[in-house]
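Please walk me through this protein model, moving from its helices and their packing to a few individual residues. What deserves a reader's attention when following the chain through the fold?

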Amino acid sequence: MLGSVLLNDALYPLAAALDPDDFGLEKHRRIFARMKDLNKRGTRIDRVTVADELAKQGQLESVDGLSYLISLDEGMPEIAHLDSYVLIVKEKAALRKLIYSAQAVMSECLLASTPPGEILNSHLSQIEGLRIACEDRRLIRRVEDLESIFAKRAPLEYLVTPELPTKTIVCLTGGSESGKTTLACAWAREVLGRGHTVLILDRDRNPRDRICDRLSRLGISSEGDLLRIWDCEQEEDPPQPDDPIIADWGEAEGSGNREICPHPVDSLISFFTEDEDENSAVDMRAVFDRCRALTKLGGTVILIHYTNPKPRGSRI
């Protein structure tokens, strides 16, 4: 982690959440403390500047000199995953502190010079602090630590330009019989022709004949490896988008040569659970979060929503 920052100080914000005491070796603590000092002054961080800062503090020899700083990046992966390295350092630091705390408790108990209740009280706050630190793994503690959103920008890709971006949730809304489902299926036909996979989850209890008729009018006359349809006449009702069986299918399709797969969902209100209300922002977010389980796998989700739906009790 130290070697990554010495080679590229643009990575320092990812490590800024660490404290020198999080490092197990004293020389690593001193090196990182000098990095923090340089960053506070707005000075670039590299081997030379860190070595100079250590020399000013009379610590350069205690870290084995400039040669040791140079050796820190030996054997480092070509692509550094600094955020993961930071988590490892913090976990090891928490374990060390927990060991020290446990040893202190054991020593006081062996001495038996203090009542057990006092021993516990004297260490509970420290242990609670360690517990909170373990739960709080945020790498961003200041606004200044935010990574630029333009730094690793990649061109936006579309399944259907410009209406259907990849890895997104697209919602088609409108009145009954306004063509929402037909449009979603037309998009599916287009991406099927390009070798993408399509899964249709129909929880609106549409008759199978009606589904087949709509697809046939669009030129889709059969299913296959690329197209699967889960309607109400299957042995089980269509699951939620984040159901493991859907996630497993998405991962399997994404692992081959096939590309992003759209998942038309018909219709949105049918994917609310019994205790969820479409007029609740919290419940609506829960539905979208279930759909995001697919976008995280690389899928594109199409939601269909009636602007004036019938009361739930009257749906067929």
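**A helix and its surroundings**

Helix α4 has buried residues whose cover includes α1 (2-7), α3 (26-40) and α5 (65-71). The model in which this is seen is a predicted one, and the buried positions in question, within α4 (residues 47-56), are Thr-49, Val-50, Ala-51, Glu-53 and Leu-54. At the start of this helix, the backbone nitrogen of Val-48 has a side-chain oxygen of Asp-46 within 3.0 Å, while just after α4 the backbone of Gly-58 adopts a positive phi of about 70°.

Of the helices that cover α4, α3 can be followed in some detail. The axes of α3 and α4 are 9 Å apart and the two helices pack at an angle of about 105°; because angles of 65 to 115 degrees count as roughly perpendicular, α3 and α4 are described as roughly perpendicular to each other. On the α3 side the residues that meet α4 are Arg-30, Ile-31, Arg-34, Met-35, Asp-37 and Leu-38, and on the α4 side their partners are Thr-49, Val-50, Glu-53 and Leu-54.

Some of these residues reappear in the largest nonpolar core, which has 25 residues, and in which Met-1, Ile-31, Phe-32, Met-35 and Val-50 touch the most other members. At least two residues of this core come from each of α1, α2 (12-15), α3, α4, α5 and α6 (82-111). Another core, of 22 residues, lies apart from it and has Val-160, Leu-164, Ile-211 and Leu-215 among its members. In soluble globular proteins, nonpolar side chains tend to be buried together.

Met-1 can be traced further through its contacts, which, leaving aside neighbours within four places in sequence, are with Ala-15, Leu-18, Phe-23, Phe-32, Leu-82, Tyr-85 and Val-86. One of these partners, Leu-18, is found in the loop between α2 and α3, and with a relative accessible area of 0% Leu-18 is buried. Setting aside its neighbours within four places in sequence, Leu-18 is in contact with Met-1, Phe-23, Phe-32, Lys-36, Val-86, Val-89 and Lys-90. The last of these, Lys-90, is 72 residues from Leu-18 in sequence, yet their C-alpha atoms are 7.3 Å apart in space.

Another leucine, Leu-11, is placed in the loop between α1 and α2, and it counts as partly exposed because its relative accessibility is 22%. Beyond its neighbours within four places in sequence, Leu-11 is in contact with Ser-4 and Leu-82. Leu-11 and His-81 are separated by 70 residues in sequence and by 9.8 Å in space, C-alpha to C-alpha.

Further along the chain, Lys-180 belongs to helix α8 (residues 180-192). Is this lysine buried or exposed? Lys-180 counts as buried, because its relative accessibility is 6%, and buried means under 20%. A polar atom of the Lys-180 side chain lies 3.5 Å from the backbone oxygen of Gly-174. Leaving aside neighbours within four places in sequence, the contacts of Lys-180 are with Leu-172, Thr-173, Gly-174, Gly-175, Ile-304, His-305 and Tyr-306.

For the protein as a whole, the secondary structure comes to 11 helices and 7 strands, and 39% of the 316 residues count as buried. Among contacts with a separation of 6 or more, 69% are between residues 24 or more positions apart. The accessible surface comes to about 18800 Å², of which carbon and sulfur atoms account for 53%.

Technical notes:
Residues are numbered from 1 along each chain as its sequence is written. This is a predicted model: local features need pLDDT of at least 70, side-chain atom pairs count only at pLDDT 80 or more; totals for chains, interfaces and linings use all residues. Side-chain values use heavy atoms; hydrogens and water are left out. Helices (H or I, at least four residues) and strands (E, at least two) are DSSP runs, numbered from the N terminus. Buried means under 20% relative accessible area, exposed over 50%, partly exposed in between (1.4 Å probe, protein chains only). A polar contact is a pair of N or O atoms within 3.5 Å; within protein, one must be able to donate a hydrogen and the other to accept it, and residues adjacent in sequence count only if both atoms are side-chain atoms. Contact means heavy atoms within 4.5 Å. Accessible areas come from the Shrake-Rupley method with a 1.4 Å probe; for residues, only the protein chains shown count as cover. A nonpolar core is a set of buried Ala, Val, Leu, Ile, Met, Phe, Trp, Tyr and Cys residues joined through side-chain atoms within 4.5 Å. Axes are lines fitted to C-alpha atoms, for helices over the stretch in contact, and angles run from 0 to 180 degrees between N-to-C directions. Angles under 35 degrees count as roughly parallel, over 145 as roughly antiparallel, 65 to 115 as roughly perpendicular and the rest as oblique.
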